[in-house]
Amino acid sequence: MIFALLLAGNQTAPMVVVDEADTVQEGPAPHGKIGQSTAWRISDAVPSPRSFEFRKRQLHVGAAIGIHPIDHDEIYYVLSGTGTVHSDGEERELRSGMAAWLYSGASVGIRQTGDVPLVLIIAYPNRPQR
């Protein structure tokens with residue numbers, strides 16, 4: 001359940017609490033539709049403007065977030081499973097408890113490896129609102 005404690009008048013909420021169960025979506029993995037994934041678009045439940053995105057994604061066995069350019073730093077943090085992260089032609093293995101910090105201007109992606117789904121948190125900044 002999404003819960004926002006709102007102040008009187010036109011002030012913004014002091015916080016937003018999001019239950020990931022309210023944000024779940026099933027479908028193809030992003031950036032190439034390589035296999036299936038489950039997405040928890042947690043920050044989508046937070047009103048704009050917001051300064052960054054926070055998402056959880058499960059890449060099902062054989063799935064991958066295809067290689068794509070980024071114009072911001074991005075973090076992939078592995079909660080469970082194993083995967084191979086790609087950044088500008090370099091690849092590294094990731095497992096539970098590991099994070100990959102990916103730099104603005106790189107072409108990045110990640111693919112699930114092993115026998116169980118890869119579950120990760122993805123966080124990155126939004127462009128400043130004008």
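In this predicted model, four strands make up an open sheet in the order β6-β11-β8-β9, and the pairing is antiparallel. The edges of that sheet are β6 (64–69) and β9, each of which pairs on one side only. From one strand to the next, the twist averages 15°. At one end of the order, β6 and β11 are held in the antiparallel sense over four bridges. Within this sheet, A64 sits opposite R111 in β11.

R111 is worth a second look, since its side chain also turns up in a salt bridge. Its partner is E91, and the N to O distance is 3.1 Å. E91 belongs to strand β9 while R111 belongs to strand β11 (residues 107–113), so the pair ties together parts that are 20 residues apart in sequence. Neither end of this contact is buried: E91 is partly exposed with a relative accessible area of 42%, and R111 is partly exposed at 36% relative accessibility. Side chains of opposite charge can pair in this way when their charged atoms come close.

Six strands form another open sheet, again with antiparallel pairing, and here the order reads β3-β4-β5-β12-β7-β10. Its edge strands are β3 and β10 (99–102), each pairing on one side only. Neighbouring strands in this sheet are turned by 25° against each other on average, direction ignored. As a reminder of what holds such an arrangement together, strands of a sheet pair through backbone hydrogen bonds, either parallel or antiparallel.

Walking through the six-strand sheet from the β3 edge, β3 and β4 run antiparallel and are joined by five bridges. One spot to find on screen is E26, which stands opposite T38 in β4. On to the next pair: β4 and β5 are also antiparallel, with four bridges between them, and S37 has L59 in β5 as its bridge partner. Strand β4 is largely enclosed by the rest of the structure, because four of its five residues are buried. Further along the order, eight bridges join β5 to strand β12 (residues 118–125), and these two run antiparallel as well. There, F54 is matched with A123 in β12 as its bridge partner.

Turning to charged contacts, the model holds eight salt bridges. Besides the E91 and R111 pair, a network of salt bridges links R41, D44, R50, E53 and R55. Within that group, the side chains of R41 and D44 meet with an N to O distance of 2.6 Å. Both of these residues are partly exposed, R41 because its relative accessibility is 24% and D44 because its value is 36%. E53 and R55 make another link, their closest N and O atoms being 3.2 Å apart. Here the surroundings are of another kind: E53 is buried, with a relative accessible area of 5%, and R55 also counts as buried, at 15% relative accessibility. The cut-off for buried is under 20%, so R55 falls inside it at 15%. The network therefore takes in residues that are buried, such as E53, along with residues that are partly exposed, such as D44.

Some backbone details in the loops also stand out. Most residues other than glycine have a negative phi, and most peptide bonds are trans. Against that background, S48 and P49 are joined by a cis peptide bond, with omega about 0°. P49 lies in the loop between β4 (36–40) and β5 (52–59), which are the strands joined by four bridges in the six-strand sheet.

The other backbone details concern phi. H31 is a residue other than glycine with a positive phi, near 60°, and its place is in the loop between β3 (24–28) and β4. H31 counts as partly exposed because its relative accessibility is 45%. D88 likewise has a positive phi, near 45°, in a residue other than glycine. Its loop runs between β8 (82–87) and β9 (90–95), and both of those strands appear in the four-strand sheet. D88 counts as exposed because its relative accessibility is 54%, where the cut-off for exposed is over 50%.

Key: Residues numbered from 1 in each chain as written. Predicted model: local features only at pLDDT ≥ 70, side-chain atom pairs only at ≥ 80, totals over all residues. Heavy atoms only, no water. Buried < 20%, exposed > 50% of the residue type's maximum accessible area, 1.4 Å probe, protein only. Salt bridge = Lys/Arg side-chain N within 4 Å of Asp/Glu carboxyl O. Pairing = 2+ DSSP bridges. Axes fitted to C-alpha atoms, helices over the stretch in contact; angles between N-to-C directions.
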